[in-house]
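Here are some exercises to work through with the model open beside you. Try each task before reading its solution.

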Amino acid sequence: MEFKDLKLDARIQSAILGAGFTKPTEIQSRAIPIVLAGSDLMASAQTGTGKTAAFVLPALNRLLKASKKSGNGPRALVLTPTRELALQINQHVRQLSRGSKISSGSIVGGMAYHPQLKMLRGRLDFLVATPGRLLDHMEQRKVDFSRIEILVLDEADRMLDMGFIDAVTEIAAAMPKDRQTLLFSATLEGPVLKVANQLLKSPKRLSLAANNQRHQLIQQVMYHADSKAHKQKLLEFHLKSGRIFKSLIFTATKRGAEQMARALQVKEIKSAALHGDMSQNKRRQMVENLRKGRIETLVATDVAARGLDIKDISHVINFDLPTVAEDYIHRIGRTGRASATGYAISLVGPADWNKLSQIEKLIGEKVKREIVDGLEPTSGEPRKTPKARARPVARAKSRLKTAKTAQTKKTKKSKMSANDASGAAPYKPGSWRKSKPATKRTKSRATKPTRKAA
Ligand code: AMP
């Protein structure tokens, strides 16, 4: 399918061209006709699939027709879990509405109230917001929802995880009943389905094999570490290997992120921390520093890195594995964007095995084991991890079934040498350099993308 087949307004078509999009992604070609036809929609699709444009484009198309209602209030509202995501979606709206005279803006926490109030008083067609701050304005009767025609719940699963359920339902309840509602989520099960049943009217449903498609571009490996100090050595080895172009390191805590960024600076690795305690401006500045290459690595917590869209992040490194397996998918989705090959490295310490096993259940395959010469673990991998805290992994189960045929029976270990670091060409996205040829102890499949479950 081509963009011209989607029957979007000519002004939007030219903005699409201006954005450099040549062909619609799968979610775009499947979702846009449904939204243009006026149906409610629930779709499982994640960041990196082009889902933002999948709802922004048909929403803009709708806004090009004059509103039947008078007033200044927004006609389209996107609710999204984090500030970064909201700001990015707003940028997308601006980019795709170029030449359309559609006004747009964002309302997010951590920013001054006054400019937001000023914006809400003026004409605003397209609003992107995080639920907490928008509810604040709503309770003070500063937002006029009477003209809303289309409501988008973006990353609905994450909004629920973050405790925004009441805010979302309260906001939705304040909107005209005849609106169109779209819900995008990594999963369409459990609490998300409940919310969808509550807020959507006879929705069409789209399920994309998004994770698998996207993650074919991401090579995932793990290194077994004996301790935190061992993890630190492995991390420094990788950061100094010359293969990493731009990286995002995940830690479990804000303090951990701060400490790690400082420790790396001491080792002359240009790095900075990114976490929820930093002001919005500071966070934006750090992201820009990484985007522009002023630093090589950002050490982040999950909340801060949500929605981050930097096209050339070559590596995501999980220094601490996420407690919630789904976050692993979100994290590694920060690399391998816009068709570049990405690389996801997980450092698995004694306390991480349960988390790893939940992640492997969710993605439906074993993460490839690798060792670094000179930095091998002293202990073996636990044969069986104790039962982990139950997480809803229904999606994983169905994927696991399919995965069984595709998955290799045994986990293969491959080995990198610490000596590989010397003289290695700098890593560029899409140009993953082969590991050393197999030696006696090496059964390397490191360069071959593992087949993902369908
Ligand atoms: P998203 O999944 O919405 O976060 O989008 C991921 C990235 O893909 C963003 O950088 C978009 O600008 C880009 N993108 C979205 N749609 C297309 C398309 N049809 N062709 C190429 N890139 C796209």
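The exercises below concern a predicted model, and they go from its sheet to its ligand shell.

**Exercise 1. Trace the open sheet and find its edge strands.**

Solution. Start with the strand order: seven strands form an open sheet, arranged β3-β4-β2-β5-β6-β1-β7, and their pairing is parallel. Next, look for strands that pair on one side only; these are β3 (104-107) and β7 (204-207), the edge strands. Finally, consider the twist: neighbouring strands in this sheet are turned against each other by 15° on average, direction ignored.

**Exercise 2. Work out how β1 is joined to β6, and which helix lies across β1, β6 and β7.**

Solution. Take the pairing as the opening step: β1 (residues 41-44) and β6 (residues 180-185) run parallel and are joined by four bridges. To locate one partner, pick M42, whose bridge partner in β6 is L183. Then turn to the helix: α2 (residues 26-36) lies across β1, β6 and β7, and its direction is at about 170° to β1.

**Exercise 3. Describe the shell around the ligand by residue, class, helix and domain.**

Solution. Begin with the residues that come nearest: of the 15 around the ligand, these are F21, T47, G50, T52 and A53. Sort the shell by class, and you get four nonpolar, seven polar and four charged residues. Now ask which helix gives the most: this is α3 (residues 51-63), with three residues. Last, check the domains: domain 1 (3-207) and domain 2 (218-370) each supply at least three residues of the shell.

Conventions:
Residues are numbered from 1 along each chain as its sequence is written. This is a predicted model: local features need pLDDT of at least 70, side-chain atom pairs count only at pLDDT 80 or more; totals for chains, interfaces and linings use all residues. Two strands pair if DSSP finds at least two bridges between them. Helices (H or I, at least four residues) and strands (E, at least two) are DSSP runs, numbered from the N terminus. Axes are lines fitted to C-alpha atoms, for helices over the stretch in contact, and angles run from 0 to 180 degrees between N-to-C directions. Two residues are in contact if their C-beta atoms, placed from the backbone, lie within 7 Å. A residue is near a molecule or strand if its C-beta atom, placed from the backbone, lies within 6 Å of it. Ala, Val, Leu, Ile, Met, Phe, Trp, Tyr, Cys and Pro count as nonpolar, Asp, Glu, Lys and Arg as charged, and the others, Gly among them, as polar. Domain bounds come from an automatic or database domain assignment.
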